[in-house]
Amino acid sequence: MVEAQKWTRRMSNPRLDTAATADDHVLDIPTNPTAEVRNGIYTFGSHLTPNLLTALIIASWFMSNTGVLLLNKYLLSFYGYRYPIFLTMLHMLSCASYSYIAINFLEIVPKQHILSKKQFFKIFALCAIFCFSVVCGNTSLRYIPVSFNQAIGATTPFFTAIFALIITCKKESVKVYFALLPVVFGIVLATNSEPLFNLFGFLVCIGSTAGRALKSVVQGILLTNEAEKLHSMNLLLYIAPMAALILLPFSLYNEGNVARVTLEKAKTDSFIILLLIGNATVAYLVNLTNFLVTMHTSALTLQVLGNAKAALAAFVSVMVFRNPVTMTGVTGFAVTIMGIVLYSEAKKRSKITTY
C-alpha cells in the first residue's frame, strides 16, 4: 500500500528518478538491499531452486497487485461498500500490523528507528501526501473502470518530471522529455474514447497520479540525510499508523460511523468481514512482494513488471467486470505503455551519458 524511499549510493539521488511506475498502494523499493537484508530472508524458500523461487515471487507480485485493484473495485462499485476513506484506513492498519510482526518477530529486515523530531515531521509530511494519493486512487475506482484507472496511473513519470522541474529545477535531456509525448497522447486518446468516462472519477485519478509523483519528488528532497534514510519496509511501519490517524477524522466527517454500519451489515452478511480482511491483507502483500521482487531481481525489473501489471490488470478487469472498451481506447492505452518504455530507455541512456 504505501511508498518508501530507495537506498542508494552517495552523490546520487534516484528518488527523483521519474521512470518509476509506482502503484497507488506500493512503496519505492531500495535498489540494492544490504548484506544484512540479504542474509535475513535466506531461509525463505531455501529448498527451492533460485529460478523457481524468483518465478513464484513474481507470480505472487502479479496476483497481489492485480488482486488489490480488483477487490477495491468490487467493494466500492459492485458490492456497495462506498467508503473509500475508511477502506484506505483499513489498509493502513493492516500494513502497520503486518509490518510490526514482519520486522519485530520475523526479522525480515533489520529494524530502524526514527532518530529525531525533524525526521518524524518529514515522514509525516510524506504521509499526508501519500494519504491524498491513495484515497483519490481508491475513490476513482467507484466511478471509472480499472482499465481506465491503470491507463491514467501509467502517466506517473510525466507528472514526476514536471514536479522535479518545478520544485528542484532538475532538467532532463530533450530526448527524455520527447519520450513523454506518447504518454500524454495515449491517455488523451484513451480518455476521449472511454465509454464509461466520469469527470469526477477522472479528476480524482489524475489527483492520485499527481500526488504519487509529488511524493516521489518531495521524498527525494526531505530524506537526503544518510542517517534519515529508512528501508522501504521500515518506512511502511511508520507511515501506515500515521496515515490511519490522518484518515480517521476525514472518514468520520465524510462517511459517518462506518465501523457501526459495517458491523450492522455483518450481522446479515458475514461475507463483508472476510472481504475486508482479505482486501486489507492483500494490500500489505503488495508492499511485501515489491520488496521481495527487488531483492531477488532488480529495481529495473520491477519497473518493467509495473508496465506489464498495468496491462494485465486492465485485461483481467475487463474480463471480470465486463466493462465496455473500444479499439481506440485500447490503442491509447498501448501508446501510453509504449511511451513509458521509451521514456525508461531514454532515462537510462541519459544516465550513461552523464556518467
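Start by selecting phenylalanine 105: in this predicted model, Phe105 is exposed, with a relative accessible area of 60%. Exposed here means over 50%, so the 60% of phenylalanine 105 puts it in that class.

Now add tyrosine 100 to the selection. Is tyrosine 100 buried or exposed? Neither label quite fits: Tyr100 is partly exposed, at 43% relative accessible area. What kind of aromatic pair do tyrosine 100 and phenylalanine 105 form? Turn the view until you see both rings, and you'll find them edge-to-face, with 65 degrees between the planes and 5.9 Å from centre to centre. The cut-off for that label is over 60 degrees, so the 65 degrees of Tyr100 and Phe105 qualifies.

Next, pick phenylalanine 120 and phenylalanine 124. This pair is stacked, because the planes of the two rings sit at 25 degrees, with the centres 6.3 Å apart. Colour helix α4, residues 117–140, and you'll see where they come from: Phe120 and Phe124 are 4 residues apart in α4, about one helical turn. Switch on a surface if you like. Phenylalanine 120 is partly exposed at 32% relative accessible area, and phenylalanine 124 is also partly exposed, at 35%.

Want more rings? Select Tyr74, Tyr79 and Phe271, which ring pairs link into a cluster. How many aromatic pairs turn up in a search of the whole structure? The count is 14.

Time to leave the side chains and look at helices. Show helix α3 (residues 84–104) together with helix α10 (residues 232–255). Their axes come within 8 Å and cross at roughly 155 degrees, which means α3 runs roughly antiparallel to α10. The crossing of these two helices is left-handed. Bring back the side chains where α3 touches α10 and colour them by class: the contact has 20 nonpolar residues, along with 5 polar and 1 charged.

For the last stop, turn to the record. The unreviewed UniProt entry lists several stretches as "transmembrane region", among them residues 83–108, 120–141 and 235–252. Two others from that UniProt list are 147–167 and 327–344, and both are worth selecting one at a time. Residues 147–167 are 90% helix and 0% strand, and the C-alpha atoms at the two ends lie 31 Å apart. Residues 327–344 come out as 100% helix and 0% strand, with 26 Å between the end C-alpha atoms.

Key
Residues numbered from 1 in each chain as written. Predicted model: local features only at pLDDT ≥ 70, side-chain atom pairs only at ≥ 80, totals over all residues. Heavy atoms only, no water. Phe/Tyr/Trp six-rings, centres within 6.5 Å; stacked < 30°, edge-to-face > 60°. Buried < 20%, exposed > 50% of the residue type's maximum accessible area, 1.4 Å probe, protein only. Axes fitted to C-alpha atoms, helices over the stretch in contact; angles between N-to-C directions. Parallel < 35°, antiparallel > 145°, perpendicular 65-115°, else oblique. Left-handed = near helix turned anticlockwise from the far one by under 90°. Nonpolar A, V, L, I, M, F, W, Y, C, P; charged D, E, K, R; others polar. UniProt positions renumbered as here; feature names shortened; annotations may be inferred.
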